[in-house]
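Please open the structure in the viewer and keep the selection tool at hand. The tour begins at the ligand and then turns to the backbone.

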Amino acid sequence: MLIHMVVLGIETSCDDTAAAVVKDGKRLLANVVASSMDIHKLYGGVVPEIAARSHIESIMPVIKQAMADARCTWGDIDAIAVTYGAGLNGSLLIGLLAARTLAILKKKPLYAINHVEAHLYANFLTETKLEGYTLPADPPQFPMLGVIVSGGHSQLVLFRGHFDYTLLGQTQDDAIGEAFDKVAKILGLPYPGGLSVEKKAAEGNAHAFRLPKARMQGKYDFSFSGLKTAVLRTAQELVGADYSLPSIELPSRLNDRQKADIAATFTRVAVETIVDKVLLAYEEFTPKSVIIGGGVAASPPLRQELANRLPLPITYTDRKLCTDNGAMIATLGCFKAMLGAEPADPYSVGTAPNLSM
Ligand code: KG4
Ligand code: ZN
């Protein structure tokens with residue numbers, strides 16, 4: 001294993017243009033994120049063409065800023081890591097082409113990174129001098145149970161070591177983040193939905209209604225589409241309408257109290273759905289660590305419920321490292337480089353929009 005490895009990570013899978021520099025898979029030297037969210041907000045969701053165009057404008061300034069923040073020159077960078085999937089193809093292409101070009105020009109090995117797997121690697125960062133980051137004191141231990149809760153994925157993965165994992169189960173329909181975003185729409189809360197539902201839920205009663213938890217055939221599988229429909233029906237009933245009332249009319253007919261109660265009850269049931277399965281997996285596999293990654297890993301109720309119910313102490317990374325960022329890409333890139341994984345061919349590596357674990 002190489003003693004020191006400094007990796008530039010590049011991430012453009014959705015609406016965030018991100019670059020970061022990480023040393024030895026544990027020390028965060030720089031983390032820069034430019035988001036086109038303000039434009040997407042106007043449309044109530046990410047518009048792929050706008051995201052891709054915005055990546056083109058931001059990618060080089062973001063990379064330059066990350067290198068400047070890390071006080072790095074190209075001579076200090078040992079490798080480049082870049083997301084090649086999963087994500088929006090037009091978005092992925094911009095980061096991947098930038099990374100391929102830089103790898104060729106600067107003669108650096110290039111590591112093609114799975115975004116879904118990388119979300120978990122944010123948990124390996126334990127050191128930084130950057131302001132405003134709270135990181136765990138120690139890295140996770142193997143065997144470890146990884147809980148991926150993002151806008152595109154909800155998966156439980158058992159890792160025996162780096163790159164050596166088994167997918168235990170996953171959502172059979174919507175991802176949990178997608179459910180947060182859809183519930184936000186039903187309640188007329190601004191995009192991105194996770195954060196607005198979190199804020200609204202803080203004022204509500206989490207036991208105001210009965211909402212269902214799906215029973216799945218696969219022991220470690222999830223489903224969130226039934227829960228989302230139950231939220232819609234509850235909202236329609238509350239305003240005295242039947243199921244034919246279009247959801248677009250609900251925000252103006254629900255009062256603030258009702259919105260807060262729906263947000264809080266939905267959050268409780270969504271969180272319990274994940275944590276029930278995490279506990280089952282914990283009992284069966286007794287991992288040394290349990291880690292969570294992806295945008296929904298920023299959710300305080302999810303963090304609290306896991307900490308309350310898991311029999312082992314659980315630590316979390318900074319909330320800023322849960323949503324999409326370059327640090328998680330650079331960290332997984334460090335481990336690939338340190339453990340001798342085969343680099344990608346910078347002349348031919350392509351995107352994989354539907355990549356999973
Ligand atoms: O990991 P991420 O940034 O992008 C994907 O890889 O999908 O996750 C984005 C998702 C969105 O669905 C967003 O609503 C959700 O994460 N999210 C949250 C919170 N912050 C972001 N969900 C619940 N609570 C939050 N605080
Ligand atoms: Zn993500």
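A polar contact is here a pair of N or O atoms within 3.5 Å. The model is predicted.

Select Glu-198 together with ligand 1: a polar side-chain atom of Glu-198 is 2.7 Å from a nitrogen atom of the ligand. Next, add Asp-181, which places a polar side-chain atom 2.6 Å from an oxygen atom of ligand 1. Then show the backbone of Gly-177, where a polar atom lies 3.0 Å from an oxygen atom of ligand 1. On its own, ligand 1 has 550 Å² of accessible area, and the protein covers 87% of that.

Now display the pocket surface; ligand 1 occupies the largest pocket. Colour α4 (115-121), α5 (176-187) and α6 (193-201), the elements that each contribute two or more residues to the shell around the ligand. That shell comprises three nonpolar, 12 polar and four charged residues. Of the 19 residues around ligand 1, those that come nearest are His-119, Gly-151, Asp-181, Gly-194 and Glu-198.

Colour by domain next. Ligand 1 lies between domain 1 (6-136 + 320-338) and domain 2 (165-309), because both give residues to its shell.

Finally, inspect the backbone at three loops. Select Gly-85 and Ala-86, which are joined by a cis peptide bond with omega of about -5 degrees; Ala-86 is in the loop between β4 (79-85) and α3 (89-105). Move to Lys-107, in the loop between α3 and β5 (110-114); Lys-107 is not a glycine, yet its phi is positive, near 55 degrees. End at Phe-142 and Pro-143, linked by a cis peptide bond with omega of about -5 degrees. Pro-143 belongs to the loop between β6 (127-128) and β7 (144-149).

Key: Residues are numbered from 1 along each chain as its sequence is written. Chains are lettered from A and ligands numbered from 1 in the order in which they are written. This is a predicted model: local features need pLDDT of at least 70, side-chain atom pairs count only at pLDDT 80 or more; totals for chains, interfaces and linings use all residues. Side-chain values use heavy atoms; hydrogens and water are left out. A residue is near a molecule or strand if one of its heavy atoms lies within 4 Å of it. A polar contact is a pair of N or O atoms within 3.5 Å; within protein, one must be able to donate a hydrogen and the other to accept it, and residues adjacent in sequence count only if both atoms are side-chain atoms. Accessible areas come from the Shrake-Rupley method with a 1.4 Å probe; for residues, only the protein chains shown count as cover. On a 1 Å grid over the protein atoms alone, a cavity is a set of points where a 1.4 Å probe fits but cannot get out, and a pocket is an open set with protein on both sides within 12 Å along at least five of seven lines; lining residues have an atom within 4 Å of a point. A molecule sits in a cavity or pocket if more than half of its atoms lie within 2 Å of its grid points. Helices (H or I, at least four residues) and strands (E, at least two) are DSSP runs, numbered from the N terminus. Ala, Val, Leu, Ile, Met, Phe, Trp, Tyr, Cys and Pro count as nonpolar, Asp, Glu, Lys and Arg as charged, and the others, Gly among them, as polar. Domain bounds come from an automatic or database domain assignment.
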